[in-house]
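Here are my notes on the structure you sent over. I've kept them as numbered points so you can follow along with the model open.

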Amino acid sequence: MGIFTTLSSVLRFRRFIWNSQERHLATAASINDLRLIAKRRLPAGVFDYIDGAAEDELTLAANSLDFQRITFRPKVLADVATLRTNCSLFGREVRLPIILSPTGFSRIADPAGELAVARAAERAGLPYTLSTMATRSIEEVAGVTSDRARNWFQVYVWRDRELVESLLERARQQRYEAIMLTVDTPVLGRRERDIRRGFTLPPQVGLDTLLEGVRHPGWTLDLIRAEPITFANLVGSGVGDGTSAVSLSHQANSQFDQSLSWNDVRWFRERWTGPIIVKGVQRTDDARRCVDEGVDAIALSNHGGRQLDGAPTPVSLIAPVVAAIDGAIPVFCDGGIRRGSDIAKALALGATAAMIGRAYLFGLGAAGERGVDRAIGMLEEGLTKTMALTGAHDLSELTEDLISSPY
Ligand SMILES: Cc1cc2nc3c(=O)[nH]c(=O)nc-3n(C[C@H](O)[C@H](O)[C@H](O)COP(=O)(O)O)c2cc1C
(Lines give C-alpha, C1' and ligand atoms only; values in the text may rest on other atoms or scores of the structure.)
Protein backbone atom coordinates (compact mmCIF):
# COMPACT_ATOMS: atom_id res chain seq x y z
CA MET A 1 0.00 0.00 0.00
CA GLY A 2 2.74 2.41 1.09
CA ILE A 3 4.69 1.92 -2.13
CA PHE A 4 1.60 2.67 -4.26
CA THR A 5 0.86 5.85 -2.35
CA THR A 6 4.47 6.96 -2.79
CA LEU A 7 4.42 6.04 -6.48
CA SER A 8 1.15 7.82 -7.18
CA SER A 9 2.47 10.94 -5.47
CA VAL A 10 5.59 11.08 -7.67
CA LEU A 11 4.35 9.71 -11.00
CA ARG A 12 3.22 12.45 -13.35
CA PHE A 13 2.44 11.40 -16.89
CA ARG A 14 2.54 14.19 -19.41
CA ARG A 15 -0.74 14.60 -21.27
CA PHE A 16 -0.36 12.95 -24.68
CA ILE A 17 -0.28 15.54 -27.48
CA TRP A 18 -1.92 14.14 -30.62
CA ASN A 19 -0.58 16.70 -33.08
CA SER A 20 2.91 15.38 -33.90
CA GLN A 21 4.43 18.83 -34.54
CA GLU A 22 3.13 20.13 -31.22
CA ARG A 23 4.37 16.95 -29.50
CA HIS A 24 7.86 17.49 -30.87
CA LEU A 25 7.85 21.17 -29.98
CA ALA A 26 6.86 20.37 -26.40
CA THR A 27 10.20 18.60 -25.96
CA ALA A 28 12.34 21.39 -27.47
CA ALA A 29 14.15 23.67 -25.03
CA SER A 30 16.74 25.25 -27.35
CA ILE A 31 17.47 26.08 -30.98
CA ASN A 32 19.76 23.08 -31.02
CA ASP A 33 16.80 20.90 -29.99
CA LEU A 34 14.83 22.31 -32.92
CA ARG A 35 17.80 21.45 -35.15
CA LEU A 36 17.73 17.83 -33.97
CA ILE A 37 13.97 17.57 -34.52
CA ALA A 38 14.38 19.05 -38.02
CA LYS A 39 17.14 16.54 -38.68
CA ARG A 40 14.78 13.68 -37.87
CA ARG A 41 11.89 15.11 -39.86
CA LEU A 42 13.66 16.20 -43.05
CA PRO A 43 15.31 14.00 -45.67
CA ALA A 44 19.08 13.99 -45.22
CA GLY A 45 19.75 16.04 -48.40
CA VAL A 46 17.33 18.78 -47.37
CA PHE A 47 18.68 18.93 -43.82
CA ASP A 48 22.25 19.06 -45.10
CA TYR A 49 21.38 21.85 -47.52
CA ILE A 50 20.17 23.94 -44.56
CA ASP A 51 22.72 22.85 -41.97
CA GLY A 52 25.80 22.64 -44.19
CA ALA A 53 28.36 25.20 -45.28
CA ALA A 54 31.42 25.62 -47.50
CA GLU A 55 34.38 23.23 -47.72
CA ASP A 56 35.64 22.12 -44.28
CA GLU A 57 32.91 24.14 -42.56
CA LEU A 58 35.56 25.87 -40.42
CA THR A 59 33.79 29.20 -40.68
CA LEU A 60 30.46 27.61 -39.82
CA ALA A 61 31.96 26.26 -36.60
CA ALA A 62 33.89 29.46 -35.84
CA ASN A 63 30.72 31.58 -36.14
CA SER A 64 29.32 29.89 -33.04
CA LEU A 65 32.60 29.29 -31.23
CA ASP A 66 33.53 32.97 -31.36
CA PHE A 67 30.36 33.82 -29.44
CA GLN A 68 31.42 31.31 -26.79
CA ARG A 69 34.74 33.13 -26.35
CA ILE A 70 32.88 36.14 -24.97
CA THR A 71 31.78 36.03 -21.34
CA PHE A 72 29.69 38.39 -19.23
CA ARG A 73 30.60 40.72 -16.37
CA PRO A 74 27.20 40.78 -14.66
CA LYS A 75 26.00 43.53 -12.35
CA VAL A 76 24.02 42.29 -9.36
CA LEU A 77 21.29 43.90 -7.26
CA ALA A 78 20.33 46.04 -10.22
CA ASP A 79 16.51 45.93 -9.81
CA VAL A 80 15.64 44.18 -13.06
CA ALA A 81 11.90 44.00 -12.41
CA THR A 82 11.27 45.96 -15.62
CA LEU A 83 13.18 45.28 -18.84
CA ARG A 84 12.82 46.84 -22.28
CA THR A 85 13.96 45.00 -25.41
CA ASN A 86 12.63 47.38 -28.04
CA CYS A 87 14.80 49.43 -30.37
CA SER A 88 14.46 51.55 -33.47
CA LEU A 89 15.33 50.39 -36.99
CA PHE A 90 15.17 52.95 -39.78
CA GLY A 91 13.06 55.23 -37.62
CA ARG A 92 10.47 52.64 -36.64
CA GLU A 93 10.24 50.75 -33.40
CA VAL A 94 10.78 46.97 -33.27
CA ARG A 95 9.93 44.79 -30.28
CA LEU A 96 13.27 42.97 -30.30
CA PRO A 97 16.68 43.63 -31.90
CA ILE A 98 16.22 40.68 -34.25
CA ILE A 99 15.98 40.58 -38.06
CA LEU A 100 15.15 37.44 -40.03
CA SER A 101 17.91 36.95 -42.63
CA PRO A 102 17.08 35.93 -46.18
CA THR A 103 17.17 32.21 -46.86
CA GLY A 104 16.23 30.75 -50.24
CA PHE A 105 14.05 27.68 -50.91
CA SER A 106 12.21 27.66 -47.59
CA ARG A 107 9.48 25.45 -49.02
CA ILE A 108 11.78 22.44 -48.92
CA ALA A 109 11.60 22.68 -45.12
CA ASP A 110 7.83 23.21 -44.96
CA PRO A 111 5.15 23.65 -47.65
CA ALA A 112 4.13 27.14 -46.48
CA GLY A 113 7.80 28.12 -46.70
CA GLU A 114 8.42 31.84 -46.75
CA LEU A 115 4.74 32.58 -46.01
CA ALA A 116 5.06 30.84 -42.66
CA VAL A 117 8.24 32.75 -41.83
CA ALA A 118 6.79 36.12 -42.89
CA ARG A 119 3.66 35.59 -40.79
CA ALA A 120 5.69 34.52 -37.75
CA ALA A 121 7.98 37.56 -38.15
CA GLU A 122 5.04 39.94 -38.30
CA ARG A 123 3.44 38.31 -35.24
CA ALA A 124 6.69 38.89 -33.36
CA GLY A 125 6.97 42.45 -34.70
CA LEU A 126 10.24 41.76 -36.55
CA PRO A 127 11.53 42.50 -40.05
CA TYR A 128 11.66 39.55 -42.46
CA THR A 129 13.96 39.61 -45.47
CA LEU A 130 12.58 37.69 -48.43
CA SER A 131 15.27 36.15 -50.62
CA THR A 132 15.49 36.63 -54.39
CA MET A 133 15.71 32.81 -54.45
CA ALA A 134 12.54 32.38 -52.40
CA THR A 135 9.95 29.75 -53.22
CA ARG A 136 7.09 32.16 -52.46
CA SER A 137 6.92 35.40 -54.38
CA ILE A 138 7.20 39.06 -53.37
CA GLU A 139 3.43 39.38 -53.93
CA GLU A 140 2.47 36.21 -52.06
CA VAL A 141 4.41 37.31 -48.97
CA ALA A 142 2.86 40.79 -49.13
CA GLY A 143 -0.53 39.07 -49.44
CA VAL A 144 -0.25 37.19 -46.14
CA THR A 145 1.13 40.10 -44.12
CA SER A 146 -0.48 43.40 -43.17
CA ASP A 147 0.53 46.98 -43.96
CA ARG A 148 2.31 47.10 -40.62
CA ALA A 149 4.62 44.19 -41.53
CA ARG A 150 8.25 45.00 -42.09
CA ASN A 151 9.03 43.07 -45.25
CA TRP A 152 12.49 43.61 -46.69
CA PHE A 153 13.74 42.21 -49.99
CA GLN A 154 17.16 40.64 -50.55
CA VAL A 155 18.67 41.21 -53.97
CA TYR A 156 21.01 38.97 -55.84
CA VAL A 157 22.31 40.88 -58.82
CA TRP A 158 21.62 39.07 -62.08
CA ARG A 159 23.43 39.78 -65.31
CA ASP A 160 20.01 40.65 -66.67
CA ARG A 161 19.58 44.13 -65.16
CA GLU A 162 16.03 44.46 -66.48
CA LEU A 163 15.15 41.51 -64.29
CA VAL A 164 16.73 43.24 -61.28
CA GLU A 165 14.83 46.45 -62.05
CA SER A 166 11.58 44.55 -62.33
CA LEU A 167 12.21 42.85 -58.95
CA LEU A 168 12.82 46.26 -57.37
CA GLU A 169 9.65 47.61 -58.94
CA ARG A 170 7.62 44.67 -57.66
CA ALA A 171 9.07 45.15 -54.16
CA ARG A 172 8.23 48.87 -54.31
CA GLN A 173 4.67 48.15 -55.48
CA GLN A 174 4.18 45.74 -52.59
CA ARG A 175 5.53 48.29 -50.10
CA TYR A 176 8.68 46.46 -49.07
CA GLU A 177 10.49 48.71 -46.66
CA ALA A 178 14.15 48.05 -47.47
CA ILE A 179 16.42 46.15 -49.82
CA MET A 180 19.38 44.07 -48.76
CA LEU A 181 22.14 43.71 -51.33
CA THR A 182 24.05 40.48 -50.82
CA VAL A 183 27.63 41.08 -51.93
CA ASP A 184 29.45 37.93 -50.80
CA THR A 185 28.23 35.69 -53.61
CA PRO A 186 29.98 36.53 -56.91
CA VAL A 187 30.29 32.74 -57.20
CA LEU A 188 28.70 30.14 -54.98
CA GLY A 189 30.80 28.69 -52.15
CA ARG A 190 31.72 25.04 -52.51
CA ARG A 191 29.13 23.31 -50.33
CA GLU A 192 30.45 19.82 -50.26
CA ARG A 193 27.50 18.17 -48.52
CA ASP A 194 25.34 19.28 -51.48
CA ILE A 195 27.94 18.14 -54.01
CA ARG A 196 28.15 14.66 -52.45
CA ARG A 197 24.40 14.28 -52.48
CA GLY A 198 23.91 15.78 -55.94
CA PHE A 199 21.45 18.19 -54.31
CA THR A 200 19.26 20.11 -56.77
CA LEU A 201 16.32 22.46 -56.53
CA PRO A 202 13.65 21.32 -56.64
CA PRO A 203 14.97 18.04 -55.18
CA GLN A 204 15.22 15.42 -57.94
CA VAL A 205 13.67 12.06 -57.28
CA GLY A 206 16.12 9.18 -57.62
CA LEU A 207 16.49 5.92 -55.72
CA ASP A 208 18.14 7.69 -52.78
CA THR A 209 15.40 10.30 -52.60
CA LEU A 210 12.70 7.64 -52.84
CA LEU A 211 14.20 5.79 -49.89
CA GLU A 212 14.59 9.01 -47.96
CA GLY A 213 10.98 9.89 -48.87
CA VAL A 214 9.74 6.63 -47.36
CA ARG A 215 11.78 7.22 -44.21
CA HIS A 216 10.30 10.73 -43.83
CA PRO A 217 6.63 10.19 -44.71
CA GLY A 218 5.37 13.43 -43.12
CA TRP A 219 7.70 15.57 -45.22
CA THR A 220 7.02 13.53 -48.37
CA LEU A 221 3.23 13.78 -48.04
CA ASP A 222 3.50 17.53 -47.52
CA LEU A 223 5.64 17.84 -50.64
CA ILE A 224 3.33 15.74 -52.80
CA ARG A 225 0.19 17.55 -51.64
CA ALA A 226 1.57 21.05 -52.29
CA GLU A 227 1.94 22.72 -55.68
CA PRO A 228 5.37 22.28 -57.37
CA ILE A 229 8.25 24.23 -55.86
CA THR A 230 9.64 27.03 -58.04
CA PHE A 231 11.83 30.08 -57.58
CA ALA A 232 8.62 32.05 -57.28
CA ASN A 233 10.17 35.49 -57.92
CA LEU A 234 11.72 34.35 -61.18
CA VAL A 235 8.85 32.51 -62.84
CA GLY A 236 8.74 33.49 -66.49
CA SER A 237 12.00 35.46 -66.29
CA GLY A 238 14.01 33.10 -68.47
CA VAL A 239 16.82 32.68 -65.92
CA GLY A 240 15.87 29.29 -64.53
CA ASP A 241 12.79 29.48 -62.36
CA GLY A 242 13.07 26.01 -60.89
CA THR A 243 10.54 24.33 -63.20
CA SER A 244 13.40 21.97 -64.04
CA ALA A 245 15.92 20.83 -61.43
CA VAL A 246 19.12 22.87 -61.18
CA SER A 247 22.11 22.68 -58.90
CA LEU A 248 22.40 25.84 -56.91
CA SER A 249 25.98 26.39 -58.00
CA HIS A 250 25.01 26.10 -61.68
CA GLN A 251 22.20 28.62 -61.21
CA ALA A 252 24.36 31.11 -59.29
CA ASN A 253 27.51 30.77 -61.34
CA SER A 254 25.73 31.12 -64.67
CA GLN A 255 23.30 33.92 -63.75
CA PHE A 256 24.79 36.09 -60.99
CA ASP A 257 26.74 39.12 -62.16
CA GLN A 258 30.38 38.47 -61.32
CA SER A 259 31.36 41.97 -62.39
CA LEU A 260 29.43 43.47 -59.47
CA SER A 261 31.31 46.46 -58.03
CA TRP A 262 30.84 49.62 -55.97
CA ASN A 263 29.43 51.29 -59.09
CA ASP A 264 26.48 48.96 -58.76
CA VAL A 265 25.80 50.15 -55.23
CA ARG A 266 25.35 53.60 -56.80
CA TRP A 267 23.10 52.02 -59.45
CA PHE A 268 20.86 50.74 -56.65
CA ARG A 269 21.00 54.03 -54.74
CA GLU A 270 19.61 55.76 -57.83
CA ARG A 271 16.76 53.28 -58.14
CA TRP A 272 15.69 52.62 -54.54
CA THR A 273 14.67 55.50 -52.30
CA GLY A 274 14.15 53.42 -49.13
CA PRO A 275 16.87 51.98 -46.91
CA ILE A 276 19.64 49.91 -48.53
CA ILE A 277 21.51 47.37 -46.44
CA VAL A 278 24.72 45.83 -47.77
CA LYS A 279 25.03 42.23 -46.57
CA GLY A 280 28.30 40.36 -46.52
CA VAL A 281 30.72 43.11 -45.46
CA GLN A 282 33.82 41.56 -43.84
CA ARG A 283 36.41 44.36 -43.53
CA THR A 284 36.58 47.78 -41.91
CA ASP A 285 37.61 49.57 -45.14
CA ASP A 286 34.63 48.12 -47.02
CA ALA A 287 32.39 49.23 -44.14
CA ARG A 288 33.74 52.79 -44.47
CA ARG A 289 33.12 52.63 -48.21
CA CYS A 290 29.48 51.67 -47.55
CA VAL A 291 29.06 54.86 -45.52
CA ASP A 292 30.69 56.92 -48.30
CA GLU A 293 28.33 55.39 -50.87
CA GLY A 294 25.24 56.40 -48.91
CA VAL A 295 24.31 52.91 -47.74
CA ASP A 296 21.85 52.92 -44.80
CA ALA A 297 23.06 49.88 -42.83
CA ILE A 298 25.77 47.25 -42.92
CA ALA A 299 25.12 43.56 -42.34
CA LEU A 300 28.33 41.87 -41.21
CA SER A 301 27.95 38.34 -42.54
CA ASN A 302 29.87 35.45 -44.01
CA HIS A 303 26.63 33.89 -45.26
CA GLY A 304 26.55 31.49 -42.32
CA GLY A 305 29.87 29.98 -43.43
CA ARG A 306 28.39 29.00 -46.80
CA GLN A 307 30.66 31.12 -49.01
CA LEU A 308 34.35 31.61 -48.17
CA ASP A 309 35.61 29.01 -45.72
CA GLY A 310 38.16 30.86 -43.59
CA ALA A 311 36.20 34.13 -43.65
CA PRO A 312 36.30 36.24 -40.47
CA THR A 313 33.44 35.73 -38.07
CA PRO A 314 30.90 38.56 -37.98
CA VAL A 315 30.97 38.76 -34.18
CA SER A 316 34.72 39.44 -34.24
CA LEU A 317 34.16 42.32 -36.68
CA ILE A 318 31.45 44.24 -34.86
CA ALA A 319 33.62 46.37 -32.55
CA PRO A 320 36.29 47.22 -35.18
CA VAL A 321 33.66 48.09 -37.80
CA VAL A 322 31.55 50.23 -35.47
CA ALA A 323 34.75 52.07 -34.48
CA ALA A 324 35.89 52.45 -38.11
CA ILE A 325 32.62 54.05 -39.21
CA ASP A 326 32.27 55.94 -35.93
CA GLY A 327 28.73 54.65 -35.51
CA ALA A 328 27.62 56.51 -38.65
CA ILE A 329 25.05 53.87 -39.70
CA PRO A 330 23.55 50.82 -37.98
CA VAL A 331 25.57 47.61 -38.02
CA PHE A 332 23.76 44.27 -38.07
CA CYS A 333 25.44 40.93 -37.69
CA ASP A 334 24.54 37.36 -38.62
CA GLY A 335 26.18 33.95 -38.36
CA GLY A 336 26.06 31.48 -35.50
CA ILE A 337 23.34 33.12 -33.43
CA ARG A 338 21.60 30.30 -31.57
CA ARG A 339 20.85 31.88 -28.18
CA GLY A 340 19.44 35.10 -26.83
CA SER A 341 22.74 35.56 -25.01
CA ASP A 342 24.48 35.66 -28.43
CA ILE A 343 22.24 38.58 -29.36
CA ALA A 344 23.13 40.32 -26.07
CA LYS A 345 26.84 39.84 -26.85
CA ALA A 346 26.47 41.23 -30.39
CA LEU A 347 24.69 44.30 -29.05
CA ALA A 348 27.24 44.77 -26.26
CA LEU A 349 29.94 44.90 -28.97
CA GLY A 350 28.04 47.66 -30.77
CA ALA A 351 25.62 45.97 -33.17
CA THR A 352 22.20 47.58 -33.52
CA ALA A 353 20.46 44.26 -34.17
CA ALA A 354 21.25 40.61 -34.76
CA MET A 355 20.10 38.64 -37.77
CA ILE A 356 19.14 34.98 -37.71
CA GLY A 357 19.13 32.38 -40.50
CA ARG A 358 19.30 28.75 -39.47
CA ALA A 359 17.76 29.46 -36.05
CA TYR A 360 14.35 30.07 -37.66
CA LEU A 361 14.91 27.51 -40.44
CA PHE A 362 15.45 24.77 -37.86
CA GLY A 363 12.13 25.81 -36.30
CA LEU A 364 10.47 25.73 -39.73
CA GLY A 365 11.92 22.31 -40.51
CA ALA A 366 10.96 20.95 -37.08
CA ALA A 367 7.35 22.15 -36.93
CA GLY A 368 6.44 24.63 -39.68
CA GLU A 369 5.10 28.05 -38.71
CA ARG A 370 4.70 27.12 -35.02
CA GLY A 371 8.35 26.10 -35.04
CA VAL A 372 9.37 29.56 -36.29
CA ASP A 373 7.27 31.15 -33.52
CA ARG A 374 9.01 28.89 -31.06
CA ALA A 375 12.51 29.72 -32.34
CA ILE A 376 11.84 33.46 -32.04
CA GLY A 377 10.28 32.91 -28.59
CA MET A 378 13.36 31.04 -27.39
CA LEU A 379 15.67 33.85 -28.53
CA GLU A 380 13.45 36.47 -26.89
CA GLU A 381 13.39 34.56 -23.62
CA GLY A 382 17.15 34.06 -23.77
CA LEU A 383 17.75 37.75 -24.41
CA THR A 384 15.53 38.96 -21.55
CA LYS A 385 17.00 36.39 -19.17
CA THR A 386 20.51 37.51 -20.11
CA MET A 387 19.53 41.14 -19.52
CA ALA A 388 18.07 40.27 -16.12
CA LEU A 389 21.14 38.25 -15.16
CA THR A 390 23.62 40.91 -16.27
CA GLY A 391 21.69 43.86 -14.85
CA ALA A 392 20.85 45.53 -18.20
CA HIS A 393 17.45 47.26 -18.10
CA ASP A 394 17.28 48.15 -21.76
CA LEU A 395 19.33 47.55 -24.88
CA SER A 396 21.34 50.75 -24.44
CA GLU A 397 22.77 49.26 -21.24
CA LEU A 398 24.17 46.28 -23.15
CA THR A 399 27.65 47.74 -23.56
CA GLU A 400 31.26 46.51 -23.63
CA ASP A 401 31.35 47.12 -19.89
CA LEU A 402 29.11 44.06 -19.43
CA ILE A 403 31.31 41.61 -21.36
CA SER A 404 34.81 40.25 -21.47
CA SER A 405 35.65 39.93 -25.15
CA PRO A 406 38.78 39.07 -27.14
CA TYR A 407 37.53 41.26 -30.01
C1 LIG B 1 19.47 27.42 -46.17
C2 LIG B 1 20.04 28.79 -46.29
C3 LIG B 1 19.74 29.56 -47.41
C4 LIG B 1 20.26 30.86 -47.52
N5 LIG B 1 19.89 31.63 -48.60
C6 LIG B 1 20.34 32.91 -48.67
C7 LIG B 1 19.89 33.76 -49.72
O8 LIG B 1 19.08 33.37 -50.56
N9 LIG B 1 20.38 35.02 -49.75
C10 LIG B 1 21.26 35.50 -48.81
O11 LIG B 1 21.67 36.66 -48.87
N12 LIG B 1 21.69 34.70 -47.80
C13 LIG B 1 21.23 33.44 -47.71
N14 LIG B 1 21.64 32.65 -46.66
C15 LIG B 1 22.51 33.22 -45.60
C16 LIG B 1 21.66 33.85 -44.49
O17 LIG B 1 21.02 35.02 -44.93
C18 LIG B 1 22.51 34.23 -43.28
O19 LIG B 1 23.58 35.04 -43.69
C20 LIG B 1 23.06 33.03 -42.51
O21 LIG B 1 22.09 32.00 -42.47
C22 LIG B 1 23.45 33.46 -41.11
O23 LIG B 1 24.03 32.41 -40.39
P24 LIG B 1 23.19 31.47 -39.38
O25 LIG B 1 22.43 30.53 -40.27
O26 LIG B 1 24.24 30.82 -38.59
O27 LIG B 1 22.26 32.36 -38.59
C28 LIG B 1 21.13 31.35 -46.52
C29 LIG B 1 21.44 30.57 -45.41
C30 LIG B 1 20.90 29.31 -45.28
C31 LIG B 1 21.23 28.49 -44.05
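1. Helix 14 and helix 15 are oblique to each other: an angle of about 45° falls between the roughly parallel range, under 35 degrees, and the roughly perpendicular one, 65 to 115. To find the pair, look at residues 284-292 for helix 14 and residues 314-324 for helix 15; their axes are 9 Å apart. The crossing is right-handed. Bear in mind throughout that this is a predicted model.

2. Which residues make the contact between helix 14 and helix 15? On the helix 14 side they are Thr284, Ala287 and Arg288, and helix 15 brings Pro320, Val321 and Ala324. By class, that contact has four nonpolar residues, one polar and one charged. As a reminder, an α-helix has 3.6 residues a turn, so residues three or four places apart point the same way.

3. Helix 16 (residues 340-348) and helix 17 (residues 358-390) are the other pair I'd look at. Their axes come within 6 Å and cross at roughly 60°, so this pair is oblique as well. Here too the crossing is right-handed. Helix 16 puts Gly340, Ser341, Ile343 and Ala344 into the contact, while helix 17 supplies Leu379, Glu380, Glu381, Gly382, Leu383, Lys385, Thr386 and Met387. Sorted by class, the residues of this contact are five nonpolar, four polar and three charged.

4. Is helix 16 buried or exposed? Nine of its nine residues are buried, so helix 16 is largely enclosed by the rest of the structure. The buried set includes two charged side chains by residue type, Asp342 and Lys345, along with Ile343 and Leu347. Just beyond the helix comes Gly350, with a positive phi near 120°.

5. Now the ligand. It is surrounded by 24 residues, and the closest are Ser101, Gly104, Gly304, Gly357 and Arg358. Which helix gives the largest share of that shell? Helix 17 does, with three residues. As for classes, the shell has 13 polar residues, seven nonpolar and four charged.

6. Leu260 is worth a click. You'll find it in the loop between helix 12 (248-255) and helix 13 (262-271). Leu260 has 18 C-beta neighbours inside 10 Å, and buried would take 20 or more, so it counts as partly exposed. Setting aside neighbours within four places in sequence, Leu260 is in contact with Val157, Val183 and Pro186. Of these, Val183 is 77 residues away along the chain, yet the two C-alpha atoms are separated by 8.1 Å.

7. Two backbone angles to check by eye. Glu55 has a positive phi, near 45°, and is not a glycine. Glu55 sits in the loop between helix 4 (44-51) and helix 5 (58-68), where it is partly exposed, with 17 other C-beta atoms within 10 Å.

8. Arg175 is the other one: its phi is positive, about 60°, although Arg175 is not a glycine. Look for Arg175 in the loop between helix 8 (161-173) and strand 7 (178-182). With 12 other C-beta atoms within 10 Å, Arg175 is exposed, since the cut-off for that label is 12 or fewer.

How values were computed:
Residues are numbered from 1 along each chain as its sequence is written. This is a predicted model: local features need pLDDT of at least 70, side-chain atom pairs count only at pLDDT 80 or more; totals for chains, interfaces and linings use all residues. Axes are lines fitted to C-alpha atoms, for helices over the stretch in contact, and angles run from 0 to 180 degrees between N-to-C directions. Helices (H or I, at least four residues) and strands (E, at least two) are DSSP runs, numbered from the N terminus. Angles under 35 degrees count as roughly parallel, over 145 as roughly antiparallel, 65 to 115 as roughly perpendicular and the rest as oblique. A crossing is left-handed if the near helix is turned anticlockwise from the far one by less than a right angle, and right-handed if clockwise. Two residues are in contact if their C-beta atoms, placed from the backbone, lie within 7 Å. A residue is near a molecule or strand if its C-beta atom, placed from the backbone, lies within 6 Å of it.
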